[in-house]
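Colleague: I am new to this structure. Please walk me through it, and let me ask why things are called what they are called.

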Amino acid sequence: MLHREYSLKDREIDRKADNFFLLNFFPFIHLIKFQSVNFNSLYDVGHCLCLSAGRYIPPHLRNKDASKNDASGWNTAKEAYSNFGNNRGKSAFFNDRSNANRGRFEHGGFGGGGGNSRWVEESRDDGDWSKPMPRNERLEHELFSGSNTGINFEKYDDIPVEATGHNCPHHIESFQDVDLGEIIMGNIALSRYTRPTPVQKYAIPIVKAKRDLMACAQTGSGKTAAFLLPILSQLYTEGPGEALNAAKENGKYGRRKQYPMSLVLAPTRELALQIYDEARKFSYRSRVRPCVVYGGADIGQQIRDLERGCHLLVATPGRLVDMMERGKIGLDYCNYLVLDEADRMLDMGFEPQIRRIVEQDTMPHKGIRHTMMFSATFPKEIQILARDFLEDYIFLAVGRVGSTSENITQKVVWVEESDKRSFLLDLLSATGKDSLTLVFVETKKGADALEDFLYREGYACTSIHGDRSQRDREEALSQFRSGKCPILVATAVAARGLDISNVKHVINFDLPSDIEEYVHRIGRTGRVGNLGLATSFFNDKNGNITKDLLDILVEAKQEVPSWLESLAYEHQHKSSNRGRSKRFAGGFGARDYRQTAAGGSAGGFGGRGGRNQAGHGGNRGFGGGEGNYSHSQVDWWGN
DNA sequence: AAAAAAG
């Protein structure tokens, strides 16, 4: 504990020194300061400059959009400054939106004042929802100048996709193949998306056709856009409908309850934020106002933001329930429901809250509302549970780019508990300074301890876990993303869904006890067709995962240490053939349990990984692996 | 047994 305090204080000094440097070398920052930008904004600007002034450019910012960021950095800074000035001057229509949430988190906020948005709200709601609002260059720059989240799937035309269910709508090949409307097409262009990713090709027409959907696709394969694009498109063409009247009626009594037309639920706060950021992009120039609510942040500010209008809500379950109980949110007209990381949302920890939101309140029933679930994994028992929320759904399984085996090199090394730290130091010293390294530990305490250790060893690192303040969590993530702290020590909170570009190395300092967790963790690297490395420290504490890990390595055609093999053999015999390993029998891919439940037709996914067909034993027959389609994927890729 | 999610 002492160490921790020491290191935090230390870091504060470091930070102040940085700031001193900035103020001296970039005097115009003083100007910004006089405009009373908060400390964090100042710091962000300075940081930005620091990076682009030729000292250190984090890898993921390199080679990005060379035309704009011509390495000088001054343009960016000047632009930011002048934009800042402009922004103060005019109470532009869009100001209230940009300010709404970013400002709240006090990150990089040049967002303007907003303020009297009453008139704005009226005009936003009352016009033709399918027609774009005027452009706003500053906002456009803010939303779309970041790294290109579009994924280059050009090379992967043969991704295996399986869609099962009644009357499945035909997939599209380009965004033009379906009528998404003027606003969406504009925002797709601004996002520099050229072609739909495989999951988008299938999901977009399914959602447009108002079919319920259970989609199994790796996070980062464009799945957020796969539901946001068609949902927003529908909202634009359908207009506000009853929801608007309800909100207005309610507003008369000063209650200002909001009736979002669409709800997206996510299992972690950071993931909710990430989805919200995407939603802001695709709702640019529209009358749809996205909002995000989650715990750990000031609820008053979130309520005020909601009261400015909320048509699409992204939320974590706990805070949403809170909002509902406070009468700030009504789901009466919420006809689009998305569960992201759905298998997590329906597991034991979350299921009651989901039922509370979806079944025990005023949300339209299934069959009326339109429900979509997305996840990388869909174990059979979760699929069965999910039936409660879905009506005649399409099951979609989309192979991922490459797959684990092609993109991620998985290493397992035997490291005794007492040797872990020094081994980690060896790994880190062998890692390029510019690469991002994500170190997973099993406990929050362990995360603190390891971060302190690395910090004392002189590494620029930070940590994220559920006991840190939300502010610290978001700061840690942003410092990791930006490359300021290229090492992030994390618990399970960072295992799922987070899209951090350029993570070169995932280190399992502690292996998880759950193989799915393992698959999700290593899926933070090797994304978007990049190469990734995953190193796992293994010792006798990890006996429970031995067999599953071995299966994964074999399936992914990875090098298997001989000791692991014999250990798995022993373990299998010791545990008399009952254990978790059967969850993966039959391969890692998710498949529609409806296809095999009845007669074990093994149809659908064509007998992939055909070792033991699932179904025997009481275990979860269809343990998913994040899109890992097992050894027979070779056939699927056609090579 | 731990982590996540409300405070």
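Modeller: Let us start with a record. UniProt, in an unreviewed entry, lists residues 173–201 as "domain: DEAD-box RNA helicase Q". The record also places "short sequence motif: Q motif" at residues 173–201, again from an unreviewed entry. Keep in mind that this is a predicted model.

Colleague: How do you know that the annotation is proven by experiment or inferred?

Modeller: The record does not settle that, because such annotations may be inferred rather than shown by experiment. The model itself gives the shape of the span. Residues 173–201 are 45% helix and 0% strand. The end C-alpha atoms of the span lie 6 Å apart.

Colleague: What makes up chain A in terms of secondary structure?

Modeller: Chain A has 26 helices and 14 strands. Of its 639 residues, 56% count as buried. Take the contacts in chain A with a separation of 6 or more: residues 24 or more positions apart account for 79% of them.

Colleague: Why is Ser233 called buried or exposed?

Modeller: Its relative accessible area is 0%. Buried means under 20%, so Ser233 is buried. Ser233 sits in helix α10. Beyond its close sequence neighbours, within four places, Ser233 is in contact with Asp179, Leu180, Ile184 and Lys208.

Colleague: And Met363, which has no helix or strand around it: where does it lie?

Modeller: Met363 lies in the loop between α16 (351–358) and β7 (370–375). Its relative accessible area is 3%. The cut-off for buried is under 20%, so Met363 is buried too, loop or not.

Colleague: What does Met363 touch?

Modeller: Not counting residues up to four places away in sequence, Met363 touches Leu263, Leu331, Cys334, Leu337, Ile357, Val358 and Arg369. Take Cys334: the two are 29 residues apart in sequence, yet 6.3 Å apart in space, C-alpha to C-alpha.

Colleague: Why is Gly165 called buried, exposed or partly exposed?

Modeller: Gly165 has a relative accessible area of 36%. Buried needs under 20% and exposed needs over 50%. The value falls in between, so Gly165 is partly exposed. Gly165 is in the loop between β1 (161–164) and α8 (182–190).

Colleague: Which residues does Gly165 touch?

Modeller: Tyr393, Ile394 and Arg594, leaving out residues up to four places away in sequence. Gly165 and Phe395 are 230 residues apart in sequence, and 6.3 Å apart in space, C-alpha to C-alpha.

Colleague: What makes a set of residues a nonpolar core?

Modeller: Its members must be buried, of the listed nonpolar types, and joined through side-chain atoms within 4.5 Å. The largest such core here has 55 residues. Leu213, Leu232, Phe374 and Leu396 have the most contacts inside it. Helix α10 (residues 223–238) gives the most to this core, with nine residues. Apart from it lies another core, of 40 residues, including Val293, Leu306, Met373 and Tyr593.

Colleague: Which residues is Leu213 in contact with?

Modeller: Neighbours within four places aside, its contacts include Ala203, Ile206, Val207, Phe374, Leu390, Tyr393 and Leu396.

Colleague: Now the DNA. Which residues come nearest to strand B?

Modeller: Of the 22 residues around DNA strand B, Gly295, Arg319, Lys444, Gly466 and Arg473 come nearest. Sugar and phosphate account for 85% of the strand B atoms that come within 4 Å of the protein.

Colleague: How do you know that Gly466 makes a polar contact with strand B?

Modeller: A phosphate oxygen of DNA strand B is 2.5 Å from a polar backbone atom of Gly466. The limit is 3.5 Å between N or O atoms, so the pair counts. A polar backbone atom of Gly295 is 2.7 Å from a phosphate oxygen of the strand. For Arg473 the partner is a side-chain N or O atom, at 2.7 Å from a phosphate oxygen.

Colleague: What kinds of residue form the surface near strand B?

Modeller: Five nonpolar, 12 polar and five charged. Helix α14 (residues 317–325) gives the largest share, three residues.

Colleague: Which residues of α14 are buried?

Modeller: Pro317, Arg319, Leu320, Val321, Met323 and Met324. They pack against several elements, among them β3 (262–265), β4 (290–293) and α13 (299–307). Just after α14, Gly327 takes a positive phi of about 75 degrees.

Notes. Residues are numbered from 1 along each chain as its sequence is written. Chains are lettered from A and ligands numbered from 1 in the order in which they are written. This is a predicted model: local features need pLDDT of at least 70, side-chain atom pairs count only at pLDDT 80 or more; totals for chains, interfaces and linings use all residues. Side-chain values use heavy atoms; hydrogens and water are left out. Buried means under 20% relative accessible area, exposed over 50%, partly exposed in between (1.4 Å probe, protein chains only). Helices (H or I, at least four residues) and strands (E, at least two) are DSSP runs, numbered from the N terminus. Contact means heavy atoms within 4.5 Å. A residue is near a molecule or strand if one of its heavy atoms lies within 4 Å of it. A polar contact is a pair of N or O atoms within 3.5 Å; within protein, one must be able to donate a hydrogen and the other to accept it, and residues adjacent in sequence count only if both atoms are side-chain atoms. Ala, Val, Leu, Ile, Met, Phe, Trp, Tyr, Cys and Pro count as nonpolar, Asp, Glu, Lys and Arg as charged, and the others, Gly among them, as polar.
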